[in-house]
Amino acid sequence: MGEHIHIAIDGPSSAGKSTIANYLAGMLNIPYLDTGAMYRAVALALRDKEFCLNQKNVEARLLVFLKRVDLQVFLQAGLSARQRVLLNGEEVTDKLRTPELATLASNISAYKSVRDFLVALQQSIALNSDIILDGRDIGTVVLPDAKLKIFLTASLEVRAIRRYNEFIERGIDTTLEEVKQQIATRDNNDSTRKHAPLKKADDAFELDTTDLSIEETAQVIYAKAKIFNII
């Protein structure tokens, strides 16, 4: 049996990572793991338990808390595949994509205990499977040996419009300016945090999606996978 297909897609918030990764996974008929949903799930667990991040010894307290977190991710392959997330036995898939949890996920991602917990889980999922992962440290930390690494970017304005439209479709009340500020804040948090900051892997291919459609972006990555003999 040959090596597994591992494709790492990184980039800032709303650059199109999850949309493109999901679309590409459908093209290749392999599973896609949305790591951002995993951070949001941990954020949800912390919020529901009213965990305070401003107390002393927060890393030690997080370690204890995370030992009681049962996070399960169920993956499927194919164009209509949908990732399901269970938190302590409860289906939370449809609860995760809110501005509140996006902000809290960004905040908790700065903690080493949270990153270690989720990176270990992500690596275990990818160990024996063809898979596409997207996030902010996939090519640098989670799958440093991935055969194909993509770093997606897009202008702040376009990213804000994309996220705003997503929220409106989901019935989330917000404004474009609020979304733009949230993304700018998250960009800063992700790129300046101490542990596994957002950055392009040295061997990653950078792709600006500002003027590209989902299909065009996926086709570019698909072509790269062909060139690198990954598929």
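**Exercise 1. Find what covers the buried residues of helix H9.**

Solution. Start with the cover: it includes strand E1 (6-10), helix H1 (17-28), strand E7 (148-153) and strand E8 (205-208). Helices (H or I, at least four residues) and strands (E, at least two) are DSSP runs, numbered from the N terminus. This is a predicted model, in which local features need pLDDT of at least 70 and side-chain atom pairs count only at pLDDT 80 or more, while totals for chains, interfaces and linings use all residues. Residues are numbered from 1 along each chain as its sequence is written, and side-chain values use heavy atoms, with hydrogens and water left out.

Next, pick out the residues being covered: Thr217, Ala218, Ile221 and Ala225 are the buried residues of H9. They lie on the same side of H9, because they cover an arc of only 95 degrees around the axis. Here the arc is that of the directions from the helix axis to the C-beta atoms. Buried means under 20% relative accessible area, exposed over 50%, and partly exposed in between (1.4 Å probe, protein chains only).

**Exercise 2. Check the span of H9 against its number of residues.**

Solution. First, note that H9 has 14 residues, 214-227. The expected span of a helix is 1.5 Å times one less than its number of residues. At 1.5 Å a residue, H9 should therefore span 20 Å, and its end C-alpha atoms are 20 Å apart, which agrees. Finally, look just past the helix: Asn229 follows H9 and has a positive phi, near 55 degrees.

**Exercise 3. Work out which strands pair with E1.**

Solution. Two strands pair if DSSP finds at least two bridges between them. E1 is joined to strand E6 (residues 131-135) by 5 bridges, and the two run parallel. Within this pair, His6 has Ile131 as its bridge partner, and Ala8 has Leu133. E1 also runs parallel to E7, with 4 bridges; there, Asp10 is partnered by Phe151.

Now follow the side directions. From E1, His6, Ala8 and Asp10 point one way and Ile7 and Ile9 the other, and all are buried. From E6, Ile131, Leu133 and Gly135 point one way, Ile132 and Asp134 the other, and again all are buried.

One step further, E2 and E6 run parallel and are joined by 3 bridges. Opposite Leu133 of E6 stands Leu33.

**Exercise 4. Place Pro31 and decide: buried or exposed?**

Solution. Begin with the chain: Pro31 sits in the loop between H1 and E2. Its relative accessible area is 18%, so Pro31 is buried. Then list its contacts (heavy atoms within 4.5 Å). Leaving aside neighbours within four places in sequence, Pro31 touches residues including Ala25, Leu75, Asp130 and Ile132. Between the C-alpha atoms of Pro31 and Ala8, 23 residues apart along the chain, the separation is 13 Å.

**Exercise 5. Name the elements that each supply at least two residues of the lining of the largest pocket.**

Solution. They are H1, strand E2 (32-34), helix H2 (35-48), E6, helix H7 (156-169) and H9. In total, 44 residues line the largest pocket, and Ser18, Thr19, Asp34, Arg97 and Glu166 lie nearest its centre.

Technical notes. On a 1 Å grid over the protein atoms alone, a cavity is a set of points where a 1.4 Å probe fits but cannot get out, and a pocket is an open set with protein on both sides within 12 Å along at least five of seven lines; lining residues have an atom within 4 Å of a point.
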